[in-house]
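User: I would like to learn how to read a few features of a structure, beginning with a strand pair and its sheet. Could you take me through them one at a time?

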Amino acid sequence: MSAMAVLDLKRKLAILSDAAKYDASCASSGAEKRNSLSGPEGRGKGVGSTEGMGICHAYAPDGRCISLLKILLTNFCIYDCAYCINRVSSNAPRARFTVKEVVDLTLNFYKRNYIEGLFLSSGVIQTGDYTMEEMVRVAKSLRLDHDFRGYIHLKLIPEASPELAAEAGLYADRVSINIELPQDESLTILAPEKDPAGIKRAMGRMRLSIEDHNEPAKKAGKRKFATSQSTQLIVGADAARDSDILARSANLYGAYKLRRVYYSAFSPIPDAASRLPSMRPPLMREHRLYQADWLMRFYGFTQGEIVEPGEDLDLTVDPKTAWALRHRGDFPVDVNTADRDTLLRTPGLGTRGVDRILSARRQTRLTLADVKRVCGSTKRAQPFIVTADWTPGGLTDAKGLKASLIVPEQLSLF
Amino acid sequence: MRVVRLASEIDFDGWRRAGRALRAEGVPPEAVVWTVEYDLFADGAAPAAPAKGAGPRFTVPQPFIDLAERVVLNRSNERFALLYTLLWRLEREPGLIDNPADPDLTRARDMAKGVSRAAHKMKAFVRFRLVEGVEPEVYMAWFEPAHRVTEAVAPFFARRFTGMNWSILTPDACVAWDGETLKVSEGADPADAPREDAQEELWRTYYASIFNPARLNPRMMQQEMPKRYWRNLPEARLIPELIESAQRRTAQMVEARPNPPSERVLKAALRHARDGSYGESDPLTLEEAAVAAQVCRRCDLWREATQAVPGEGPARARIMIVGEQPGDEEDLTGRPFVGPAGRLLDKAMLEADFDRRKAFVTNAVKHFKHEPRGKMRLHKTPDRGEVQACRWWLDAERRMVKPRVILALGATAVMGITGRSMPIARSRGAPIALDGGARLVVSWHPSYLLRVPDADARARAYAQLVDDLRLAQSLT
Ligand code: SF4
Ligand code: SF4
């Protein structure tokens, strides 16, 4: 006779949020703007708003933003993904929320202004469809029973039916499917039950649904639909190089119009599987990947320019500086005459700084001090730019230039 | 010396009226003292701000007004003087507002930025507490904003917590919402707000559990959640202990001996390897071919594509249409010729009186070859090796469908069918006999038509495509 202990809510919450913390995504931005005061459905009976920019309601001591109540419906799982703390073969304590418990917790936290909304994920119990249906019930109850107008992000179960995925899109602002590993081959080894092709097909269907619902001609009269999807890649659990990872991202952005690809440094988990490295998470590598990702999306760099096939990013300097050091012949750049694209490729100049430079130089010829005022700092840019009162001379080509640009970026205490 | 007394710390309108009058009078910034309360030692008691409507009006750039409205909320004592300096200078330097490098403007911008940040942090860090034993529910919060943003931020809370009765108390001002209107009153004292809320224990549990000790980074946390806010955040009291234990918890995880590999995992991996690859034995049905192509690894194109796009149409079609390869939409839907090229083909078919439902439509290459470009995928022509590799699937389809006529659209299709390259312009227009009795008709690929820049050439090629469709149909 075994008496299963009845877990109280607090204990469940501890287990099911601990299990959710390896998902890097916590963004609550980019949702359709709405509030409870007014809207197409009239004045709200409940609570909730999303105003474009997400809000971080707290920061954990790991420096990460806490914006959503990020939990699992359950951490029971029939699968055995080696990198995951919920895999069937792990000895982690298990728990399961009821639909109502998640709904109440979300509303209670929301009304106290702890969160922007809910990010619900789950281990797979029974079947993909069974699990997805429970998750959709949570979102549906929040929206329809409680007129909740805050943010909802649902993790899709790739093998759930397309109809359920589409229903999830009706209540969520964002949906995501984590592809987790940069190479299909490692997915086959580390997550044997996951089918990479099935994940891609599910993302493809979701892109079509999102585009279909958001097309202005079809929007009228339809219930609004999720506005974006995202995914996560784990960094450091397999042998993939940064070039493989960025190639995968470039592919995912292009194919499925993802809003974001999140990179998550593989983090040691309690009760880890033996086939995985036991090490501290490669946080600097993760940081460089995010920088490279930005260069691809906002700075006009192609993946091939950032890193050669089979190579990793330089950990000592940011990828734009690394690129500039490989192309010293293109520098220095005159901030008073160079075009926007060239300025964007200059180390130390961000998109906003470049726009300010462009508007400031219509008034005056910029000096180094001016550039400093509009960009915050010129430490990084200085060897690469010419201003009214400054030229780097031989500095651009100096041997020791790289060493001088290495600033210890403190990412963690270790 | 002129002294201006404003009605309150955030009296933007008062500052605006006074500034307008002073500038019109030509009073330079050095000659003005800005105060909020009555000052005993100031000379003269008459308010410098004239009655409403007096003084000539002039225009200033809208961005300056937006900036000033925010700067006024800053706790800096110089804010009113700095704004008047800018107002004064704007008369002489109208372009000033567009010069982000100007020192005065930069200072004002920084103040405004501080205000925006304080407003943002207020939206983030207010923590409501339920007032015990009141029906209907009432929520209250005590908060200490970094700048005087309470009134400015209040509408945000009204939009968000419309269906709730709530109030926020701060040292500067209090705002309350009763479901209908916002009320502002004088500043309060922390003792006026509830001391705790039962949900806070759950919130702290969440906060502690979502933290990953292996990623400890307290500096980053403090940058975004400065200490000044901690005393009003129920979760903040956990921080010291979480930081202190993080190193130990991480070390334990890193050093822990891993579990022995699970039998189950290894077996599943083997199973997948066995079932996952297509057999070298030929597929026997079209359905089988369609499924098997999904795991094909004959060339590298599967890697970057979503799925293989097999042919579709009647299994015994008399006519088979072969295109080049799937495009963006085909790759997502898994169906051939549904994108822009497919729509153009449909149009040509309509004109040629050609029933698409009677044809088996497929491609020479089954996976989408492309190159990512920002958020787009650019089509890339498959090379000879890829076409050769993928003939395995095309041949299987031909063997099973056994069409009498094959309409090849574009050079890649011709290569997939014949193994040779032929110029389209010279091989189109007349049927070509193929081994095994079928006849081949060659034409332009519709996506080629979409790319021809010259309108005349495009119209000519389109007419030829319609002709070729008619020709192919007549041969069945
Ligand atoms: S399916 Fe998801 S929850 Fe289950 S083991 Fe794999 S990653 Fe973990
Ligand atoms: S393109 Fe053809 S040969 Fe290459 S992987 Fe796909 S189905 Fe196989």
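Analyst: In strand 6 of chain B, B:Trp177 is the residue that B:Trp166 stands opposite. This is a predicted model, in which local features need pLDDT of at least 70 and side-chain atom pairs count only at pLDDT 80 or more, whereas totals for chains, interfaces and linings use all residues. Residues are numbered from 1 along each chain as its sequence is written, chains are lettered from A and ligands numbered from 1 in the order in which they are written, and side-chain values use heavy atoms, with hydrogens and water left out.

User: In which sense do strand 5 and strand 6 of chain B pair?

Analyst: Strands of a sheet pair through backbone hydrogen bonds, in either a parallel or an antiparallel way. Here strand 5 (residues 165-169) and strand 6 (residues 173-177) of chain B pair in the antiparallel sense over four bridges; strands are DSSP runs of E with at least two residues, helices are runs of H or I with at least four, and both are numbered from the N terminus, while two strands pair if DSSP finds at least two bridges between them. Helix 5 (residues 150-160) of chain B packs on the sheet and touches strand 5, strand 6 and strand 7 of chain B, its direction making about 20° with that of strand 6. Contact means heavy atoms within 4.5 Å, and the angles, from 0 to 180 degrees, are taken between N-to-C directions of lines fitted to C-alpha atoms, for helices over the stretch in contact.

User: What is the order of the five strands in the open sheet of chain B that contains strand 3?

Analyst: The order is 3-4-5-6-7, with mixed pairing. Strand 3 (129-130) and strand 7 (182-186) of chain B each have a single partner strand, so one side of each lacks a neighbour in the sheet.

User: Which strands stand at the edges of the sheet with the order 9-8-12-14-13?

Analyst: That open sheet of five strands in chain B also has mixed pairing, and strand 9 (359-363) and strand 13 (432-433) stand at its edges, each with a single partner strand. Strand 8 (residues 319-323) and strand 12 (residues 405-409) of chain B pair in the parallel sense over four bridges, and B:Val322 stands opposite B:Ala408 in strand 12 of chain B. Helix 17 (residues 455-474) of chain B packs on the sheet, touching strand 8, strand 12 and strand 14 (439-443), and its direction makes about 170° with that of strand 14 of chain B.

User: How should I read the backbone angles, and where is A:Pro332 placed?

Analyst: Most residues other than glycine have a negative phi, and most peptide bonds are trans. The peptide bond from A:Phe331 to A:Pro332 is cis, with omega near 0°, and A:Pro332 lies in the loop between helix 11 (319-326) and strand 9 (333-334) of chain A. A:Asn113 has a positive phi near 65° and is found in the loop between helix 2 (99-111) and strand 4 (117-121) of chain A.

User: Which residues are around ligand 1?

Analyst: A residue is counted as near a molecule if one of its heavy atoms lies within 4 Å of it. Around ligand 1 these are A:Cys77, A:Tyr79, A:Cys81, A:Cys84, A:Asn86, A:Arg87, A:Gly123 and A:Lys194.
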